[in-house]
Amino acid sequence: SILYYTWPKQWYQRRVRGRKYGTIKTDNLPEEQFDAIWTHFFNNPLLDRYELRRGVNIIHDMDMIPEPHLVETIFYACRRLNDYAMTIRILEGIKDKIPKDPIVYQWMLQELAPCMEELGIVTPDELGLHIAPEGKGPLPY
């Protein structure tokens, strides 16, 4: 028998007796379909913290920066699950993916500003997470 979790049938399935695990095949999808799949995934009311983190990790591992509307969807999912720390990690991940081009990060923050203000999310820079302690020199990351 096959159990289906919060992932729709064509994306993820796990065989109970076997050890075959499915993954999402979104490498060759058009942009609109890719966004629709992930928007549907993060809007799922049955989404739990494990699946939220798994989805965010899959998106982060891809060689791309997610669209702002997809990041907004993830922020709302984090709010539903009361996982504020994940929102900060998402912003750190976006910033770390583009270290040589801060303009893209500023554009992303500008696009996400209404959503972040509504949800009360602050950036890692506003929290002082990238400021070196006094007398310790620059942070290693």
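The following exercises, each with a worked solution, concern a predicted model of a protein chain.

**Exercise 1. Overall composition**

Determine how many helices and strands the protein chain has, and in which pattern they follow along the sequence.

*Solution.* Begin with the count: the protein chain contains 6 helices and 2 strands. Next, place these elements in sequence order, which gives the pattern β-β-α-α-α-α-α-α. Then consider burial: of the 141 residues in the protein chain, 36% are buried. The surface can be described as well, since the protein chain exposes about 9400 Å². Carbon and sulfur atoms supply 52% of that exposed area. Finally, take the contacts between residues at least 6 apart in sequence; 57% of these join residues at least 24 apart.

**Exercise 2. The largest nonpolar core**

Identify which residues of the largest nonpolar core touch the most other members, and which helices supply the core.

*Solution.* The largest nonpolar core has 28 residues. Within this core, the residues that touch the most other members are W38, F42, L52, I74, F75, I90 and L91. At least two core residues come from each of helix 1 (31-42), helix 2 (49-61), helix 3 (68-80), helix 4 (84-97) and helix 5 (102-119). As an example, examine I74. Setting aside residues up to four places away in sequence, I74 touches F42, L52, V56, I59 and I90.

**Exercise 3. Helix 1 against helix 3**

Establish how helix 1 and helix 3 are oriented relative to each other, and which residues meet.

*Solution.* Two packed helices are described by the angle between their axes and the distance between the axes. For helix 1 and helix 3, the angle is about 10° and the axes are 9 Å apart. An angle under 35 degrees counts as roughly parallel; helix 1 and helix 3 are therefore roughly parallel to each other. On the helix 1 side, the residues in contact are F34, D35, W38, T39 and F42. They meet H69, L70, T73, I74, A77 and R80 of helix 3. Sorted by class, this contact of helix 1 with helix 3 comprises 6 nonpolar, 3 polar and 2 charged residues.

**Exercise 4. Helix 2 against helix 4**

Carry out the corresponding analysis for helix 2 and helix 4.

*Solution.* The axes of helix 2 and helix 4 come within 11 Å and cross at roughly 5°. This crossing makes helix 2 roughly parallel to helix 4. Helix 2 contributes L52, R53, V56, I59 and H60 to the contact, while helix 4 contributes M86, R89, I90, G93 and K97. By class, the contact of helix 2 with helix 4 has 5 nonpolar, 2 polar and 3 charged residues.

**Exercise 5. Three individual residues**

Decide whether each of T87, C115 and N82 is buried or exposed, and describe its setting.

*Solution.* Buried means under 20% relative accessible area, and exposed means over 50%.

- T87 lies in helix 4. Its relative accessibility is 3%, so T87 counts as buried. Not counting residues up to four places away in sequence, T87 touches F75, C78 and I121.
- C115 belongs to helix 5. Because its relative accessibility is 3%, C115 counts as buried. Apart from neighbours within four places in sequence, C115 is in contact with E72, F75 and Y76. C115 and Y76 are 39 residues apart in sequence, and their C-alpha atoms are 8.6 Å apart in space.
- N82 is located in the loop between helix 3 and helix 4. With 52% relative accessibility, N82 counts as exposed. Although N82 is not a glycine, N82 has a positive phi of about 55°.

Terms used. Residues are numbered from 1 along each chain as its sequence is written. This is a predicted model: local features need pLDDT of at least 70, side-chain atom pairs count only at pLDDT 80 or more; totals for chains, interfaces and linings use all residues. Side-chain values use heavy atoms; hydrogens and water are left out. A nonpolar core is a set of buried Ala, Val, Leu, Ile, Met, Phe, Trp, Tyr and Cys residues joined through side-chain atoms within 4.5 Å. Buried means under 20% relative accessible area, exposed over 50%, partly exposed in between (1.4 Å probe, protein chains only). Helices (H or I, at least four residues) and strands (E, at least two) are DSSP runs, numbered from the N terminus. Contact means heavy atoms within 4.5 Å. Axes are lines fitted to C-alpha atoms, for helices over the stretch in contact, and angles run from 0 to 180 degrees between N-to-C directions. Angles under 35 degrees count as roughly parallel, over 145 as roughly antiparallel, 65 to 115 as roughly perpendicular and the rest as oblique. Ala, Val, Leu, Ile, Met, Phe, Trp, Tyr, Cys and Pro count as nonpolar, Asp, Glu, Lys and Arg as charged, and the others, Gly among them, as polar. Accessible areas come from the Shrake-Rupley method with a 1.4 Å probe; for residues, only the protein chains shown count as cover.
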